[in-house]
Amino acid sequence: MLLEVKNLLTCFHADEYVNKAVNDVSFEIEEGKTVCIVGESGSGKSITSLSIMGLIEKPGIVEAGEIIFEGTDLLKSGPAHMRTIRGDKIAMIFQEPMTSLNPVYTVGYQLDEVLRLHQSHLNKKERYAKVIDALELVGMPYPEEKYREYPFKLSGGQRQRVMIAMAMACEPKLLIADEPTTALDVTIQAQVLDLMRKLQKEKGTSILFITHDLGVVAQMADEVVVMYRGHIVEKASAKELFKDPRHPYTKALLHSIPSPGKNKRKSRLATVDENIDYLQFPKEIR
Amino acid sequence: MNLFEIKNLKKHYEIKKCFFAKPTIVKAVNDISFNVKKGEIHSIVGESGCGKSTTAKLLMTIEKPTEGEIFFQGKDITKFTPEELKEYRKKVQIIFQDPYSSLNPRWKVGKIIAEPLLLNTDLSNKEIKDKVYAIMKKVGLNDEWYDRYPHQFSGGQRQRIGIARALILNPEVIICDEPVSALDVSIQAQVLNLLLDLQEEFNLTYVFISHDLGVVEHISDIITVMYFGDIVESNDVDSIFANPQHDYTKKLLSAIPVINF
């Protein structure tokens, strides 16, 4: 097992009020597999990924649980150890390629930075070759030219490719992708998803994929974790989940998507009822 | 009956790289023609930059067309006098994509929804208030929320406020510019249901702009596909999905992530 998350509890403190954003969450990721976390905004899926990366800042705090990566508990190992892992063995792609690249540095400089930090034995020439390789790998046209360009000159899809190239530069064991395609068009989304699958096949990377789009989940996931208000309500393989969703919340979520050929046209879609507390139903963990 | 007849509509923008340079011309909308019938849901789909939002702005007269004509109920809106435009804008309303930036954060919900009435009618305060309460009820907003500010609402509720504001003048057409793309799937379903209910009740016409083909398939009668400022295909929903003609439409359809197990 590459990563085991056990009983993770992440809280946010505001005066006397404590918000348990991630509450007793446990799941595993095997090597070379993709696990998807789905849920609505506010369900705690992004906080789960930030907890794994050790990027929770005040007023948030990881209060309990274990995050075991390759046999060591990341929560106990301290910030210095975390720095050697973050960006090297565990890399992350963020949702908005517009805001997660630094606008005042060139694409090449920002890619080079990852290698400078984590592979300091390489010299300048070797790093340049590696960066160009990484850009070629993600299918960037004219990589030598793009190396010298600033992020604002790239389209949304190209920026997301730069983010993926940056994340993949050190060949991480685990790639955390937090809504990597939400800001993109469907055609570009299809390209980016294809690319991630291809890279996974070539390098054997495990992927933790966070999204609210069940269509994307169906394309990517081996295992699916459904989150609702900080809790896991259902956990199953992708096949089982879509064939036989068991938790009422999962069912409601699946039925709320208009999908060609499934719902009658202009029929009213099923909705997730805001007045029902879906936590009252037993968790479905398979 | 055709409510809108759009003929050879063009919108070009000039972009200057520097002061003395010859301007390059961006053809955001390049010679498009289509009709919208009364009571139909007419969707315009395409990827970002294809000109679908520019088309919406042209229909709203927020932007002036470079060339071409837009006939609304037989009259060319590009030649309207200011008085005629005011009348036109009462009949055609818009719902914006982003419910976070399209509501004034310093105004209470009651005032936001009442604004079109304040500008366009001379109703008394009490009549306005009654109308606002009635419309809030229609779109599923609680009476007690009249005095709240936009930041106190969730995304789906804010979009309902936007819909209430668009509905309050009893318009004939609502232009929906990506009304659900900023929302979660569960909330998206609620807003789509609401839009369908309202359309039936008030016999509205929607021009629905979206990049999500799943949503478009569900609600539309007619789909117009745009690509780089041009219309590549326009047909009824069944034909587009069963038998797409243009390569781009095929590409767009094959890119939808389907749940198939």
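This report describes a predicted model of a complex with chains A and B, taking its confidence, its interface, and then some of its helices, strands and loops in turn.

## Model and numbering

The structure is a predicted model, in which local features need pLDDT of at least 70 and side-chain atom pairs count only at pLDDT 80 or more, while totals for chains, interfaces and linings use all residues. Residues are numbered from 1 along each chain as its sequence is written, and chains are lettered from A, with ligands numbered from 1, in the order in which they are written.

The pLDDT is the predictor's confidence in each residue, on a scale from 0 to 100. For chain B the mean pLDDT is 91, and 100% of the residues reach 70 or more. For the complex, the predictor gives an ipTM of 0.76 and a pTM of 0.84.

## Where the chains touch

Two residues are taken to be in contact if their C-beta atoms, placed from the backbone, lie within 7 Å. By this rule, 31 residues of chain A are in contact with 27 residues of chain B. On the side of chain A that touches chain B, the elements giving two or more residues are helices H7 (186-203), H8 (214-220), H9 (238-243) and H10 (248-255), where helices (H or I, at least four residues) and strands (E, at least two) are DSSP runs numbered from the N terminus. The largest share of this side, five residues, comes from H8(A).

The residues on this side of chain A divide into 14 nonpolar, 10 polar and seven charged. Here Ala, Val, Leu, Ile, Met, Phe, Trp, Tyr, Cys and Pro count as nonpolar, Asp, Glu, Lys and Arg as charged, and the others, Gly among them, as polar.

## An enclosed helix in chain B

Helix H5 of chain B, residues 155-167, has 13 residues and reaches 18 Å from its first C-alpha to its last, close to the 18 Å expected at 1.5 Å a residue; the expected span is 1.5 Å times one less than the number of residues. A residue is called buried if 20 or more other C-beta atoms, placed from the backbone, lie within 10 Å of its own, exposed if 12 or fewer do, and partly exposed in between. Because 12 of the 13 residues of H5(B) are buried, this helix is largely enclosed by the rest of the structure. Its buried residues pack against strands S6 (92-95) and S7 (173-177) and helices H3 (109-120), H4 (125-138) and H6 (185-202) of chain B.

One of the buried residues of H5(B) is B:Ala164, which touches B:Ile113, B:Ile135, B:Met136, B:Val139 and B:Leu141 when residues up to four places away in sequence are not counted. B:Ala164 is also among the residues with the most contacts inside the largest nonpolar core, which has 148 residues; such a core is a set of buried Ala, Val, Leu, Ile, Met, Phe, Trp, Tyr and Cys residues joined through C-beta atoms within 7 Å.

## A buried strand and its hairpin in chain A

Six of the six residues of strand S9 of chain A, residues 223-228, are buried, so this strand too is largely enclosed by the rest of the structure. A:Glu223, A:Val225 and A:Met227 point one way from S9(A), whereas A:Val224, A:Val226 and A:Tyr228 point the other way.

Two strands pair if DSSP finds at least two bridges between them. S3(A) and S9(A) run parallel and are joined by four bridges, and A:Val35 stands opposite A:Glu223. S9(A) also pairs with strand S10 of chain A, residues 231-237, in the antiparallel sense over six bridges, with A:Val224 opposite A:Ala236. S9(A) and S10(A) form a hairpin with two residues between them. In the turn, A:Arg229 has a positive phi of about 45 degrees although it is not a glycine, and A:Arg229 is partly exposed, with 17 other C-beta atoms within 10 Å.

## A sheet in chain B

Four strands of chain B form an open sheet in the order S2-S1-S4-S5, with antiparallel pairing. Strands S2 (24-37) and S5 (75-76) stand at the edges, each with a single partner strand, so one side of each is left without a neighbour in the sheet. S1(B), residues 2-15, and S4(B), residues 67-72, pair over five bridges, and the bridge partner of B:Lys7 in S4(B) is B:Glu69.

## A cis peptide bond

In chain A, the peptide bond from A:Lys58 to A:Pro59 is cis, with omega near 10 degrees. A:Pro59 lies in the loop between helix H1 (45-53) and strand S4 (60-69) of chain A.
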